[in-house]
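Hi there,

Here is the structure I promised to pass on. Have a look at it first, and then read my notes underneath.

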Amino acid sequence: GVKKVLGVGRQLRGRRSDGNTFSLYLTLSEARIGKRVFFTGIMRDLSAEEEEHERMLSILKVTHYPIVQINEQGIIQLVNTACCKVFMYQESELVGQNVKILMPEEHANMHDSYLMNYLTTGVKKVLGVGRQLRGRRSDGSMFSIYLTLSEARIGKRVFYAGHMRDLSAEEQEQERMMSILSSAVDPIVQINEKGIIQMVNNACCQVFKYQDVDLVGQNVKILMPEEHASQHDSYLETYVTTGIKKVLGVGRKLRGKKSDGSFFGLYLSLSESRIGNDIFFTGILR
């Protein structure tokens, strides 16, 4: 009298009269009339879902973007050729492994808890939201990726597909540009979309009388007189929101503020660059 499958839905295979098999979702119930026992199976044909899933898999396999699909336990179900190439694995080395194998340790340690939290609460924190992360290759080397996650369900089974873009080329170009900017004779400062300084070169430090460590991580307003500093955040927010370029690519004369509080005249030219969804603004001063 132990009920192992009664009342519990599960995905199975059915066999047609021609011998072909198909996917179905079965739920069993029990009824008793006198001493007679009857079992009723209510089925849902999953053929359409299965065919669509197979069609999508065939598309995913050949796309040039790296793609990895996992189940709700984080176990890799599918990787395409582009994913294997980027992470330097064979397909057989990834399918069946936990997706943590592709992550740096700091992310890998938390990934199972992230999955469990979503399955428990249903709160979507990263699904449908692109973000820049680090990937780990088979040789242990790290590289930058842009990841977007989506969810699919077949019966009661949940799958997650990660669509990636390898940012290695952009990252290398950024590093190359940084090396050029750092050694330039003109003062240069780079900020993100929040106005936080990401990089200053030696010439910038000399002109404003700061050390590199005193500036990186600070709001760029530290280098402005109060009348400009009080408005700068709103200027940035307006541009990021509207996309209307008022000062990008246009040189203009301004005042700068040194670490000792003194002011001096400068000529500023601004340019914009993007890596994934991150926006950076570079100011070249004279």
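**The sheet, the cores and the confidence**

Gln 11 has Tyr 25 in β2 as its bridge partner. Keep in mind that this is a predicted model. The two strands involved, β1 and β2 (residues 21–33), pair in the antiparallel sense over 6 bridges. They belong to an open sheet of 3 strands, ordered β1-β2-β3 with antiparallel pairing. Because β1 (10–15) and β3 (36–45) each have a single partner strand, they stand at the edges, and one side of each is left without a neighbour in the sheet. On average, neighbouring strands here are turned by 50° against each other, direction ignored.

Now to the interior. The largest nonpolar core has 24 residues, and Val 68, Ile 76 and Phe 87 touch the most other members. Two or more residues each come from β4 (67–71), β5 (76–79), α2 (81–87), α4 (105–121), β7 (142–154) and β8 (157–166). The largest share, 4 residues, is from α2.

If you want one residue to click on, try Ile 76: leaving out residues up to four places away in sequence, its contacts include Val 68, Ile 70, Leu 94, Val 95, Ile 101 and Leu 102. There is also a second, separate core of 23 residues, with Val 200, Met 224, Leu 254 and Ile 279 among them.

How confident is the prediction? The mean pLDDT of the protein is 87, and 99% of its residues reach 70 or more. Among the elements, helix α3 (residues 91–94) has the highest mean pLDDT, 95, and helix α1 (residues 47–62) the lowest, 76.

Happy browsing!

Note on methods:
Residues numbered from 1 in each chain as written. Predicted model: local features only at pLDDT ≥ 70, side-chain atom pairs only at ≥ 80, totals over all residues. Heavy atoms only, no water. pLDDT = per-residue confidence, 0-100. Core = buried A, V, L, I, M, F, W, Y, C linked by side-chain atoms within 4.5 Å. Buried < 20%, exposed > 50% of the residue type's maximum accessible area, 1.4 Å probe, protein only. Contact = heavy atoms within 4.5 Å. Pairing = 2+ DSSP bridges. Axes fitted to C-alpha atoms, helices over the stretch in contact; angles between N-to-C directions.
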